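Student: Got a minute to walk through this one with me? I'd like to get the packing straight.

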Amino acid sequence: YTLTGLGGGADGWEIAVKREPKGLFSNWLCGAGKGALLRASRPSGGSSLVDTDQPVVCFVAGGGVTPAIAFARGGVGQALIVHHTVRTREAAAFLGELERFAADGRIVYQLCVTSERERPGAADVSALVDAYPIASFVICGPSAFEEAIAGYLVAAGVARDRIHIERFSPAGAPPQVDPEAKRPSLPAVGPVAHDGPTATLVVPLTAEQEALELIIQCHREND
């Protein structure tokens, strides 16, 4: 997931998670109450555009808007142009905030609603390349969208080193799963430390057991 709030420290970090109808983790997370605890790794990765002094044009679609909102909040580039493709206005994440940024002159915002018009094509991309000839271009969205926009940019004469594609992928290789293997057993419950009405239990788990425990927890939350 992309960091959409870069405060850190006492303000914490913010990510944006799209709730998918059949998504185990997204449904569990979006349904968790305020104050719910989960184990998370530290942020990793980065952006080569953070210190650029050139304009930045973002072509984003659906949940791929997250890098653009992070750039808008953090102030990236000489100018920030966000071309945002969505199926309906109701499906446009961060729409109100992006429109406020545009009204304040902080960004240029173009919303493409595909239920009302065609998807962005070569002409749309070429127009922005002509308007911002020295810009860096960021693409984030479904794979087909990313490939199409990248192709339009190359056809418009943009050098490949000025095209940055944000792809969401797991850290490391996916685990090898043996379909014949038995379900790993979880460790026995250890002692519980009570503090007034609350109880705390710490159980050391292997990586495989942590993954299994998360899946079990997600199923329980959705039952």
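Tutor: Sure, and one term up front: helix axes here are lines fitted to C-alpha atoms over the stretch in contact, and the angles run from 0 to 180 degrees between N-to-C directions. Also, this is a predicted model. With that in hand, H2 and H3 pack at an angle of about 40°, their axes being 11 Å apart.

Student: Is H2 parallel or oblique to H3, then?

Tutor: Oblique. Angles under 35 degrees would count as roughly parallel, and 65 to 115 as roughly perpendicular, so the H2 and H3 pair ends up oblique.

Student: And what's the handedness of the H2 and H3 crossing?

Tutor: H2 and H3 cross in a left-handed way. On the H2 side the contact uses Ile 69, Ala 72 and Arg 73, and on the H3 side Glu 97, Leu 98 and Phe 101.

Student: OK, zooming out. How many helices and strands are in the protein?

Tutor: Six helices and nine strands.

Student: And how much of the protein is buried?

Tutor: Of its 223 residues, 30% are buried. The protein exposes about 14600 Å², with carbon and sulfur atoms supplying 53% of that.

Student: What about long-range contacts? What share joins residues at least 24 apart?

Tutor: 60%, counted among contacts between residues at least 6 apart in sequence.

Student: Let's do the core. Which residues touch the most other members of the largest nonpolar core?

Tutor: That core has 21 residues, and the ones touching the most other members are Val 56, Cys 58, Val 60, Phe 71, Leu 80, Val 82 and Ile 107. Two or more residues each come from strand E3 (56–61), helix H2 (66–74), strand E4 (80–86), helix H3 (95–103), strand E5 (108–113) and strand E6 (136–140).

Student: Which of those elements gives the most?

Tutor: H2, with four residues.

Student: Pick one of the well-connected ones. What does Leu 80 touch?

Tutor: Setting aside residues up to four places away in sequence, Leu 80 touches Val 56, Cys 58, Ala 68, Phe 71, Ala 72, Ile 107 and Val 108. A separate core, of 16 residues, lies apart from the largest one and has Ala 61, Ala 135, Ile 139 and Val 158 among its members.

Student: Tell me about Ala 61. Where is it, and is it buried or exposed?

Tutor: Ala 61 sits in strand E3. Ala 61 counts as buried because its relative accessible area is 8%, and the cut-off for buried is under 20%. Leaving out neighbours within four places, Ala 61 is in contact with Thr 85, Cys 140, Gly 141, Pro 142 and Phe 145. Its C-alpha is 8.5 Å from that of Ile 139, although 78 residues separate the two along the chain.

Student: Thr 85 came up there. What's the story on its side of things, starting with where it lies?

Tutor: Thr 85 lies in strand E4 and is buried, at 5% relative accessible area. Beyond its neighbours within four places, Thr 85 is in contact with Val 60, Ala 61, Gly 62, Cys 112, Thr 114, Pro 120 and Phe 145.

Student: And after E4? What's in the loop between E4 and H3?

Tutor: That loop includes Thr 88 and Phe 94. Thr 88 is buried, with a relative accessible area of 18%, and touches Val 113 and Ser 115, not counting residues up to four places away.

Student: Why does Phe 94 count as partly exposed?

Tutor: Because its relative accessibility is 22%, and partly exposed runs between 20% and 50%. Phe 94 also has a positive phi of about 65° although it isn't a glycine.

Student: New topic: H4 and H5. How do their axes cross?

Tutor: The axes of H4 and helix H5 (residues 143–155) come within 9 Å and cross at roughly 55°. H4 and H5 are therefore oblique to each other, and H4 passes H5 in a right-handed crossing.

Student: Which residues make the contact?

Tutor: Ala 122, Val 125 and Val 129 from H4, with Ile 149, Tyr 152 and Leu 153 from H5.

Student: Last one: Ala 123, buried or exposed?

Tutor: Exposed, at 62% relative accessible area. Ala 123 is in helix H4 (residues 122–131), and its C-alpha is 8.5 Å from that of Tyr 152, 29 residues away in sequence.

Key:
Residues numbered from 1 in each chain as written. Predicted model: local features only at pLDDT ≥ 70, side-chain atom pairs only at ≥ 80, totals over all residues. Heavy atoms only, no water. Core = buried A, V, L, I, M, F, W, Y, C linked by side-chain atoms within 4.5 Å. Buried < 20%, exposed > 50% of the residue type's maximum accessible area, 1.4 Å probe, protein only. Contact = heavy atoms within 4.5 Å. Areas by Shrake-Rupley, 256 points an atom, 1.4 Å probe, with all protein chains shown as cover. Parallel < 35°, antiparallel > 145°, perpendicular 65-115°, else oblique. Left-handed = near helix turned anticlockwise from the far one by under 90°.
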